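Reader: Hey, got a minute to go through this one with me? I'd like to start with the enclosed spaces and then move on to other things.

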Amino acid sequence: MSAPFPDIQSKHSLVAKHVTKEKWDKLSGIVTKTSGFTLAKAIACAVEFDNQHCGIYAGDWDSYKDFAEVFDPIIQEYHGISPNATHTSDMDFPKITGNVNPEAPVHSTRIRVGRSIDGFGLSPGITKEQRVGVESLMKQAFSKFEADLAGNYYPLTGMEESVRQQLVDDHFLFMSGDRNLTVAGMERDWPEGRGIFHNKDKTFLVWVNEEDQLRIISMEKGGDVLG
């Protein structure tokens, strides 16, 4: 038997449009294999708040498949893509040809990407053990960085005040307390399994287990993206 149909507070959200009672009755009892995520957890923000436009989070890779009848139309409408659209990825950086106008008064440039590791839950659904596992893998990876990428990893758990203050002064530290992230499940077990890596020159950072499993940031003075 399915759970009672929720009272979705964000009446004009994509969740309100696409999570019908029929779909809820069919999908609400499903629990994902990777992190034990449910449709109720996925739409928690749209149920709790009245100001959501989208209102849904995936708890793991499985969510997109197990709850495809909800996720697919929401993703298609949000991004304006067709049902048969496919994602293409090209990591061959020499193909980058564009650059910032050299005459523009650019003080600095920042490039940021989010990445997730297969087999672990995404932030809304990731278990404590999985989160610590992601951190452990990344600590091993960070220890192998060489040359200009070499640096230090600073776990939030047990962080010394002097280190915390320096990260604040550098504008590198991420904080807890965001209501959306809390309701979505992203701040469970705070600050366990979370931390920040940066190289010695403070031009390359990786946030571990913030909103994304990995948020990778490259910074440079000026606007020469290709340099």
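**Cavities, pockets and the sheet**

Author: Sure. The largest cavity holds about 50 Å³ of space. Keep in mind that this is a predicted model.

Reader: Ok. Which residues line the largest cavity?

Author: Its lining is made of Met175, Leu181, Met186, Glu187, Trp190, Arg194, Glu210 and Glu211. By class that is 4 nonpolar and 4 charged residues, with no polar ones.

Reader: And how many cavities of 30 Å³ or more are there?

Author: The count is 2. The second largest cavity has a volume of about 30 Å³. Around it sit Ser123, Ile126, Arg131, Met186, Arg194, Asn209 and Glu210. Here the split is 2 nonpolar, 2 polar and 3 charged.

Reader: Moving on to the open sites. What's the volume of the largest pocket?

Author: About 1300 Å³. It is lined by 38 residues, and the closest to its centre are Ala58, Tyr64, Phe71, Ile75 and Leu122. Helix H5 (61-66), helix H6 (68-79) and strand S1 (108-115) are the elements that each give two or more residues to that lining.

Reader: Which element gives the most there?

Author: H6 does, with 8 residues. As for chemistry, the lining of the largest pocket has 19 nonpolar, 11 polar and 8 charged residues.

Reader: What about the second largest pocket, how big in volume?

Author: That one comes out at about 860 Å³. Its lining has 25 residues, with Phe93, Ile96, Ile111, Ser218 and Val225 the closest to the centre. The elements giving two or more residues to this lining are S1 and strand S5 (214-221). S1 gives the most, with 6 residues. By class you get 13 nonpolar, 5 polar and 7 charged.

Reader: S1 and S5 make me curious about the sheet. What order do the strands have?

Author: It's an open sheet of 5 strands in the order S1-S5-S4-S3-S2, with antiparallel pairing. S1 and strand S2 (151-155) are the edge strands, each pairing on one side only. From one strand to the next the twist averages 15 degrees.

Reader: How many bridges between S1 and S5?

Author: There are 8, in the antiparallel sense. Arg110, for instance, stands opposite Met219 in S5.

Reader: Which helix packs on the sheet?

Author: Helix H7 (residues 128-142) packs there, touching S2, strand S3 (195-199), strand S4 (204-208) and S5. The direction of H7 makes about 160 degrees with that of S4.

Reader: Is S4 buried or exposed?

Author: S4 is mostly covered, with 5 of its 5 residues buried. Phe204, Val206 and Val208 are on one side, Leu205 and Trp207 on the other, and both faces are covered.

Reader: And what does S4 pair with on each side?

Author: S3 is joined to S4 by 4 bridges and the two run antiparallel. In that pair Phe197 has Val206 as its bridge partner. S4 also pairs with S5 over 5 antiparallel bridges, and there Leu205 is matched with Ile217.

Reader: Last thing, the hairpins. Which residues take a positive phi?

Author: In the S3 and S4 hairpin, with 4 residues between the strands, Lys202 has a positive phi near 60 degrees. In the S4 and S5 hairpin, with 5 residues between the strands, Asn209 takes a positive phi near 60 degrees. Asn209 also came up earlier, in the lining of the second largest cavity.

How values were computed:
Residues are numbered from 1 along each chain as its sequence is written. This is a predicted model: local features need pLDDT of at least 70, side-chain atom pairs count only at pLDDT 80 or more; totals for chains, interfaces and linings use all residues. Side-chain values use heavy atoms; hydrogens and water are left out. On a 1 Å grid over the protein atoms alone, a cavity is a set of points where a 1.4 Å probe fits but cannot get out, and a pocket is an open set with protein on both sides within 12 Å along at least five of seven lines; lining residues have an atom within 4 Å of a point. Grid points are joined across faces, edges and corners, and a volume is the space filled by probe spheres set on the points. Ala, Val, Leu, Ile, Met, Phe, Trp, Tyr, Cys and Pro count as nonpolar, Asp, Glu, Lys and Arg as charged, and the others, Gly among them, as polar. Two strands pair if DSSP finds at least two bridges between them. Axes are lines fitted to C-alpha atoms, for helices over the stretch in contact, and angles run from 0 to 180 degrees between N-to-C directions. Contact means heavy atoms within 4.5 Å. Buried means under 20% relative accessible area, exposed over 50%, partly exposed in between (1.4 Å probe, protein chains only).
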